[in-house]
Amino acid sequence: MENFGCRATQADGAALERQFEERGMNRASASAQADVVVLNTCTVTAAADQDARAAIRRVRRQNPDARIIVTGCYAQRAPEEIAALPGVSLVIGNSHKHQLAEIVSASGIPSPAGIRLGSVPGGSNAETPSALGWHSASGAAIDLTELDGASASAGRSFVPLTTLAAGTRAPDAGSPIFVSDIFAHTELLAAPVFDAANERTRPNLKVQDGCDNRCSFCVIPYVRGRSRSLDRAEIIHEVNTLVEAGYREVVISGINLGRWGRDLQGPGFSASGFRTSNMLPEEAFRRPQTGSRRPSFESLIRAILAETSLDKLRLSSVEPMDWSDELIALVASSPRIAKHAHVPLQSGSDAVLRRMHRKYRPWHYREKIEKIRAAMPTAAIGADVMVGFPGETEAEFEATRRLIDELPFTYLHVFTYSARPGTPAAEMPNQVPVYVARERNRVLRELAAEKKLAFMRGFIGKMVEAITLNVVGHAGGGHDGSVEFTEALTDNYLKLRLRGRYDPNHWMQAGVDGVEDGALVGLTGATGMLSETTSGSHSNPMMSTPPYSR
């Protein structure tokens with residue numbers, strides 16, 4: 001399994017792994033040793049599409065006999081394009097991703113013993129799973145003719161987004177393509193995601209998928225469908241399972257995380273907005289009735305705090321207008337919620353935001369960031385910013401640069417606009433030359449680096465709270481030319497090199513005595529430093545003087 005792109009795609013990949021494991025299959029150590037390779041793709045930029053095509057060529061070159069299954073957002077957007085590539089066995093869009101393991105089983109991919117998946121003698125799972133890849137099978141085989149597959153047609157470079165939204169394409173038994181109307185899709189794949197280097201710490205749990213916004217540059221709603229939420233009871237179950245397994249921090253994420261709960265039906269919830277036990281799981285995906293009370297994102301956070309013993313909850317990206325006063329106060333007041341706010345900006349120009357079809361103005365955004373900083377003076381505050389949007393003038397770019405300079409960001413993710421076929425922005429006039437967009441990208445990245453360094457230096461001489469990661473390294477300075485350190489991540493999202501070797505997945509208090517190579521440097525049990533930590537609320541004495549106010 002190879003995943004590309006955002007956390008949502010990685011969460012889908014983790015859920016797919018569960019599907020195969022439940023069928024008695026094992027994951028291969030590398031694609032070169034596997035019999036089946038699943039490429040779970042991204043399509044947010046042209047570069048993401050290129051990465052997927054390069055991966056297909058690489059797998060085919062390294063392992064010519066492997067069956068290559070391509071799924072994910074690129075597969076949903078451009079199935080014919082992918083199906084035409086040499087070596088691709090199946091193309092399965094997001095619309096059918098929840099059935100992927102069934103489709104692969106029913107497609108007759110053989111195991112080394114010659115047994116075709118989905119046709120184990122006697123319908124049993126008796127075959128011992130091979131260590132080389134996903135082999136063996138479940139007795140629950142499916143008939144490909146019952147799935148909404150769609151045939152490849154020559155001469156089509158991509159499927160128009162209007163086609164994907166309009167309806168299901170006709171099924172074709174034996175076709176390598178399984179794609180249908182994503183807006184009819186109600187499934188939500190969810191399983192904890194672990195970083196390869198830190199698989200024993202900080203799992204990420206997707207609790208929401210899809211998006212009801214229609215930003216003019218974005219293809220995501222057309223490949224992931226409507227906003228839909230994971231049932232609250234399932235979220236609590238997943239978090240408690242992770243806590244019982246020993247994890248101390250969980251990150252909850254989604255395509256549009258702050259919209260969690262708005263698609264869930266109200267009558268099945270208590271007055272607090274929580275689902276009652278007599279509500280069936282499938283009912284959670286129905287649209288709310290008129291006058292019903294829907295659960296809120298804030299209610300989900302409170303439920304996690306009340307119904308689990310999780311040490312630390314971290315929120316991933318939340319749209320500006322979803323940072324309600326209630327949410328800000330909740331994050332600021334609880335020591336069990338990481339002091340970290342990622343708030344997508346995209347542009348600081350009102351005219352550009354309007355062309356993007358974003359639902360806020362620069363002054364709205366400024367107000368939200370200022371409220372977050374006032375409530376949490378030491379919080380990490382990050383943003384996504386896009387440069388080179390069609391028609392972006394020097395003055396409009398300067399408005400973005402100026403807003404970023406004036407607000408207390410601690411990091412930025414800067415992206416250069418990439419036209420996505422079928423989106424309104426791709427058809428707009430005055431496309432910005434690539435060299436101009438790249439220069440604007442450089443300017444903002446340098447500004448972001450300056451702001452991050454100033455923020456980090458503000459913690460020298462102070463105590464911070466950090467969770468140890470599963471990475472140990474060496475840096476110069478010891479008698480033998482190196483000093484051993486353990487990587488950690490602070491409550492407010494800063495890398496920390498903790499001198500010495502420590503087990504992963506432990507929250508520790510550390511004194512910061514320097515900044516090196518983009519990370520804080522410190523040690524545990526430091527003396528002569530402020531005793532307050534970054535995880536306290538706005539009443540914390542340390543926070544009366546922000547370390548960074550630019």
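Which residue is the bridge partner of K206 in strand 8? Let us work that out, along with four other exercises. The model is predicted, so local features need pLDDT of at least 70 and side-chain atom pairs count only at pLDDT 80 or more, while totals for chains, interfaces and linings use all residues. Residues are numbered from 1 along each chain as its sequence is written, and side-chain values use heavy atoms, with hydrogens and water left out.

**Exercise 1. Find the bridge partners of K206 and Q208, and describe the strands involved.**

Step 1. Helices (H or I, at least four residues) and strands (E, at least two) are DSSP runs, numbered from the N terminus. Two strands pair if DSSP finds at least two bridges between them.

Step 2. Strand 6 and strand 8 (residues 249–254) are parallel, with four bridges. Here K206 has S253 as its partner in strand 8.

Step 3. Strand 7 (residues 228–229) joins strand 6 in the antiparallel sense through two bridges. Within strand 7, S229 is the bridge partner of Q208.

Step 4. Now check the burial of strand 6 (residues 204–209): six of its six residues are buried. Buried means under 20% relative accessible area, exposed over 50%, and partly exposed in between (1.4 Å probe, protein chains only).

**Exercise 2. Lay out the sheet with the order 10-11-12.**

Step 1. This is an open sheet of three strands with parallel pairing. Its edge strands, each pairing on one side only, are strand 10 (340–342) and strand 12 (411–416).

Step 2. On average, neighbouring strands in the sheet are turned by 15 degrees against each other, direction ignored. Such angles run from 0 to 180 degrees between N-to-C directions, using axes fitted to C-alpha atoms, for helices over the stretch in contact.

Step 3. Strand 10 and strand 11 (residues 380–387) run parallel and are joined by three bridges. A380 in strand 11 is the partner of H340.

**Exercise 3. Explain why C6 and C42 form no disulfide with each other.**

Step 1. A disulfide is a pair of cysteine sulfur atoms within 2.5 Å.

Step 2. The closest cysteine sulfur to that of C6 is in C42, 6.2 Å away, which is too far for a bond. The count of disulfides is zero.

Step 3. As for surroundings, C6 is partly exposed at 36% relative accessibility, whereas C42 is buried at 11%.

**Exercise 4. Check the span of helix 14 and list what covers its buried residues.**

Step 1. The expected span is 1.5 Å times one less than the number of residues. For the 24 residues of helix 14 (residues 434–457) this gives 34 Å, and the end C-alpha atoms are 35 Å apart, which agrees.

Step 2. Its buried residues include V436, L444 and F455.

Step 3. Among the elements covering the buried residues are helix 12 (362–375), strand 11 and helix 13 (394–406). Contact here means heavy atoms within 4.5 Å.

**Exercise 5. Follow the salt bridges of R58 and R224.**

Step 1. A salt bridge is a side-chain nitrogen of Lys or Arg within 4 Å of a carboxyl oxygen of Asp or Glu. The count comes to 37.

Step 2. R58 pairs with E2, with closest N and O atoms 2.7 Å apart. R58 sits in helix 2 (residues 46–62) and E2 in strand 1 (residues 2–3), 56 residues apart.

Step 3. R224 and D12 meet at 3.0 Å, N to O, and both are buried. These two also belong to a salt-bridge network that includes K206.
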